[in-house]
Every structure is written in structure tokens, then in C-alpha cells.
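Open the model in your viewer and keep the sequence panel beside it. The stops below say what to select and what is there.

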Amino acid sequence: MKTKAGATVEIVFDGLGVAPGIGIGSVHRHERGRLAVPEYRVLPSRIEAERARFAKATQQASRQIEALGAKARTLPGAAAEEMGYLLEAYLQMLKGSRLVRGVDKRIGDERINAEAAVEKEIAAIVAGLAAVEDSYLAARSADIREVGNRLLRALTQTADAPLAAMPRDAAILADEMSPADTALLDPDRVAGIAAEQGGPESHAAIMARSLGLPAVLGVAGLLAKAETGAMVIIDGGRGQVILNPSPETLALYRSLRAQFLRRRRQLHGLRRLPAVTRDGFDIQLMANIELPAEIEAVRQSGATGIGLLRSEFLFMNRPNLPDEETQYRELAAIVEAMEGKPVTVRTLDAGGEKLPGLTPPGANPALGLRAIRLCLRHKELLETQLAAMLRAAAHGPLRILLPMVTSVAEVDTVRADLLKVARRLKRRHIKLPDRLPPLGVMIEVPGAALSADALAQVADFFAIGTNDLTMYTLAIDRADDQVAHLYNPLHPAVLRLIQFTAEAALRARIPISVCGEMAGDPRFTGLLLGLGIHDLSMAPINIPRVKQRLRALTMTSATQRARAIMDQHDGERIVQLLEDFNRGADPGGS
Ligand code: PEP
Ligand code: MG
């Protein structure tokens, strides 16, 4: 913002600090909602490739519409028919219609990228229809725009996304960041992220923490004030975004950033020390990873293995599904890099805010055909993953983890599939491990936690996903900044489900870990230990802080404090008891 005299005015925005650190850079706007369409020239030699990219996008949009069609057929009577006609019309538009031909032609004639060609062609068709005053045709314009938007969404996913090629020290200011967008960012070039939407447990937030990028989400009104190229500070610890900082503010933040980095280096020094409590209990601190690029950070962190490898990265930012060979190579490289330490690979957890494009649209994506449900519906998807995992397991210890499980039958079915896939691979004379990898279950739905005894009979291990467990228990969308203040893993209901699950695992003598964000927050370490969880998996960056915390406490006192906390049903009292404990009142330890 400029004053009348032309000077810029410092503006401070408050939001949710979701990834610590201080980023100082220049504003780069990234608007998803509006589908800001890049326009660039395409070299003559790339025109056919650009047309092929467009053809893929039309196929992807068609598949989505067909999936919608399947759903529309279940609508009552006339609605099914009407929706059916409309979707059929959309499909026709994607098959050799004027729209498709026009875009193809523009790519060649005007030598522009497919997105720009789609926008121009749609504008031309709509302008033609508007010239005739007719309500039927006006409605067709809306349909054409709808199809165009679907195409643009499909295209922007497959583009050589501009996010991958950021200028150095770009600060990304967005309306919303998807995990796939965030995965494209190069942490060596990007200063930080701020977005108008998104909660602290959203996958974009988790991804930002993994990449070590300072991030603030839920910043209302940010884009209205932010001009491209303006100077901005992103304070991911305090949850502030400062546009056009004054020279004094800038100097202050430069020194805060230096302090932050110094502290991080000091913590890094802990990596060689054992993760053991003062009374001698060994704790496993493992890493969650989102992207193969994090492997070096995992090795540096002193993690004893990978407790959660979110395999969604294999499916992100690509126009088609990865085949067995591609998945195998990626996974085997990670297993090899871990040099004998266990790697827990989770099957695809698409749905909700994660890879929404892969799941069919439903009334409520968080409760829909997602994660293991999707994979069980599309067996070829599951079997390809299982085959790749089995092959990667020949390179080192690998465990398979299933997301969003709610019933014993789901685990039984996957186990049968795993055996079938192993037999198939043997027939192909492919090298497999001597024993099949352990098959574990994420406990992240309240129903699964309450069925933990039964699930423990069919699962080889449990991993508690406190992010989703909190969301589903409290009915609070983890990605919605408007209810972020209500999102509370310390809610007695959530704690009881964790305790119930831990006890079931103990009875069945199967390993149990926590791999939700709670595990990486040192404020919760004592409580989780006290509840009987001795394996924690977290973003590698958090391992030193959690190690520091557990080395300062005793299991005896943690267990006593957990008992006291579990006797409470008052949320504030729970927070108080935990804060007192964390402040160093560790009565059992001295
Ligand atoms: C969780 O839900 O806690 C979890 C670890 O899985 P994700 O965050 O990938 O949903
Ligand atoms: Mg989850």
C-alpha cells in the first residue's frame, strides 16, 4: 500500500503460525480459486507436446465427468435424467467439439500454451453466444465455462507448474495452498508461505513443516493488500505476516531469523544422543516423510526409521497414475537410503484435501470414498502399490500401513490381496523378502479406536493418526481456519481414544506408535509416553526438540501425570496439568 507521498506502509496481518521460522522475501501471488492462467509462448518444436498435454487434460476431465455420471444415476427419478443429459453434453464438448478443435488450433496458430488457448477459445465462444439474446444460450455459456474450468484445473495440475521455478527468496502469498502445490516448492529458493485459508493440521501445513518452510495460514484479507514484488516477512512461529516492513522491523526480523537458525543448529547437535528418558526407557523417534527429497534431513535428524511415508507424493503433479515400476523404484531408493532402518509405507491416502482429483466427487469428501476405501474399490490401484512395496521390501525392512481403516474386514481383504500379489510376483520370478512385510493399521477414525481390540487381532502394528482422529472425534475440519481454535488433540475424548488404543495394542502385544502432528510437539511428549506410547513419528525437524524433552523427564513421572490427566474431563484443567508438568515440575525425576 502506498501513501499519497508514494511511501509504502507497513501492514501486520495475524494468522495461524503453522510452520516455524522466519521468511523474508518478495511477494509472489498464487491464486488457485481464480485459476490464474499463465500465458506463455510455446516453441514450434513443443507444439505437438502441448497438444498432447491438452489431450490428456480432456481425458482427465472426461473421466471426472463420467464418475459424476455414475453418481448422478443414483439420484431420484427426474433429477437423474436431467443431470444425465447435462453431463452427457459436457462429455460431448470434450470430444472433438468446437471447443476442443478451437484450442488445438490456437496452440498451433498462436503458439501459446494450452491453458491460455482454453481461456481464449472459451471467451470467443461465450462472446458469440452472448451476441444472441436467448436464455437457453445464456445457460449454455455457463456450461461451457464449467467445462473450461475443468480443463484448466486438469491442465494446471500437469503444467510445468510455475511454482517449481520460483525466483530466489520468493514469499508465496496464496488464497489457498494444496499439498501438491506445496510439494513443488524448492525450500532453498522460497522464503516462506502465507495463505488466506488453511488450518494447522492441513496437509499443506504438514508439507511446509516437512520442507522447513516458515508458514502462516488463515490470514484473512491478505491478497487484497499484497502487491507482487513487495517486501514481506512471514513469521511462522508467531503467526504474523508483515507487508512492506519498515527498515526497523526488517532489521529486527533479520536478527530474529539469525537467532532461530542458531537455535536450530544447536538442537541439531542432539542428533547423536540417545532418545532415552532419565530413568532409562528407550524411545523410538522416527520420521514422517512426504517427499523423497527429505531423506537427507531424515538421516541428519537421528531418526531410528521412517514411521510414516505418505505415499501421496507418487501420485502428485502428474497427469497419469504411476505404474508398478515407477513406484517400486521410488520406494526402493528410500529403503536403500535408510540403510537397514525400517520404512513404514502407507498405501495411498487420497481424499479430503489430499489429492482431491483422484477421488470421485461426493457429498462430503472427508467421509467419502477415500484412502483405503478407494483402494479397495479400485483393486488395480491397491495391487500395484502392494506389488511395488513387496519388491521394495527386498531392499530392506519395510512395513505396510493402511490409512482410514474402520473394520477388520478391510484388513483381512488387504492381507488376502497382499498374499495374492506376492504369489503373482513369485510367478514372475521377482525377488521378494523371505517374510512378507508387517501389515499395520492407522487408528485415525474413532470407530477404529473403539474397535482396537478386534483390529489388534488382524493387524501387525498400529499407528495412531491423531490429526484425523481429532478431526473426526470433534467434527472439526483440520484444514478449516475458522474452526482451528476448536481443534484440540487434548480434548478428553481424543485422549481416551488414544489410551484405549494403546491398551489394546499392549494386550495384543503389537507395536504402537503415534504419527500425527501431536507426536512432534514436545508439549505432548510426556503425556504420550505416560499413556504407554514409546514410538513417536514426526517431521524430522521436530525430532531434536522432542528428544530434548524426553531426555529431561522420567517415565515414572510421565505415567503419573498421564493418570492424573486421564482423570479429568475439564479441558482447561488438562492443559494446566500438562503445562505444569512441562514447566519442569517432574516430581518423580529428581
Ligand atoms: C493423521 O491423520 O494423524 C495422519 C498421520 O495422517 P495424515 O495427516 O496424512 O492424514
Ligand atoms: Mg490421517
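Select A174 in strand β4 and A195 in β5: the two stand opposite each other. Strands and helices here are DSSP runs numbered from the N terminus (strands E, at least two residues; helices H or I, at least four). Five bridges join β4 to β5, and the two strands run parallel. Strands count as paired if DSSP finds at least two bridges between them.

Before moving on, note that this is a predicted model, in which local features need pLDDT of at least 70 and side-chain atom pairs count only at pLDDT 80 or more, while totals for chains, interfaces and linings use all residues. Residues are numbered from 1 along each chain as its sequence is written, chains are lettered from A and ligands numbered from 1 in the order written, and side-chain values use heavy atoms, with hydrogens and water left out.

**Strand β4 and its sheet**

Now add β3 (residues 22-30), which runs parallel to β4 (residues 170-174) and is joined to that strand by five bridges. Two of the partners to label are S26, which bridges to A170, and V27, which bridges to A171.

Are the residues of β4 mostly covered or not? Five of its five residues are buried, where buried means under 20% relative accessible area, exposed over 50%, and partly exposed in between (1.4 Å probe, protein chains only). Show the side chains: A170, I172 and A174 point one way, and A171 and L173 point the other way.

Widen the selection to the whole sheet, an open one of eight strands with mixed pairing, in the order β1-β8-β7-β3-β4-β5-β6-β2. At its edges are β1 (11-14) and β2 (16-19), each of which pairs on one side only. From one strand to the next, the twist averages 30°.

**Helices on the sheet**

Select helix α7 (residues 203-211), which lies across β2, β5 (190-195) and β6 (215-217) and runs at about 50° to β2. Such angles run from 0 to 180 degrees between N-to-C directions, with axes fitted to C-alpha atoms, for helices over the stretch in contact. Helix α9 (residues 247-268) also packs on the sheet, where it touches β3, β7 (231-235) and β8 (240-243), its direction making about 115° with that of β3. Contact means heavy atoms within 4.5 Å.

Within α9, pick T249. Its relative accessibility is 14%, so T249 counts as buried. Leaving out residues up to four places away in sequence, T249 touches E10, I233 and I242.

**Domains and cores**

Colour the chain by domain: domain 1 (11-32 + 165-267), domain 2 (44-156) and domain 3 (282-583). These bounds come from an automatic or database domain assignment. The centres of domain 1 and domain 2, taken over C-alpha atoms, are 36 Å apart.

Next, find F462 and L536, the residues with the most contacts inside the largest nonpolar core, which has 127 residues. A nonpolar core is a set of buried Ala, Val, Leu, Ile, Met, Phe, Trp, Tyr and Cys residues joined through side-chain atoms within 4.5 Å. Helix α13 (residues 379-392) gives the largest share of this core, eight residues. The core lies between domain 1 and domain 3 because both give residues to it. Apart from it is another core, of 30 residues, including L87, L94, V103 and L129.

**Helix α19**

Go to helix α19 (residues 522-530), which is largely enclosed by the rest of the structure because eight of its nine residues are buried. Among the elements covering its buried residues are α18 (492-508), β15 (512-514) and β16 (535-538). After α19 comes G532, with a positive phi near 95°.

**The magnesium ion**

Which residues are the protein donors of the magnesium ion (ligand 2)? Select E444 (OE) and D468 (OD), which lie 2.0 to 2.1 Å from the ion. Donors are N, O and S atoms within 2.8 Å of the metal (3.2 Å for Na, K and Ca); water is not among the atoms, so sites may look incomplete. E444 sits in the loop between β13 (439-443) and α15 (446-450), and D468 sits in helix α17 (residues 466-474), 24 residues apart. E444 is buried, at 2% relative accessible area, and D468 is buried, at 2%.
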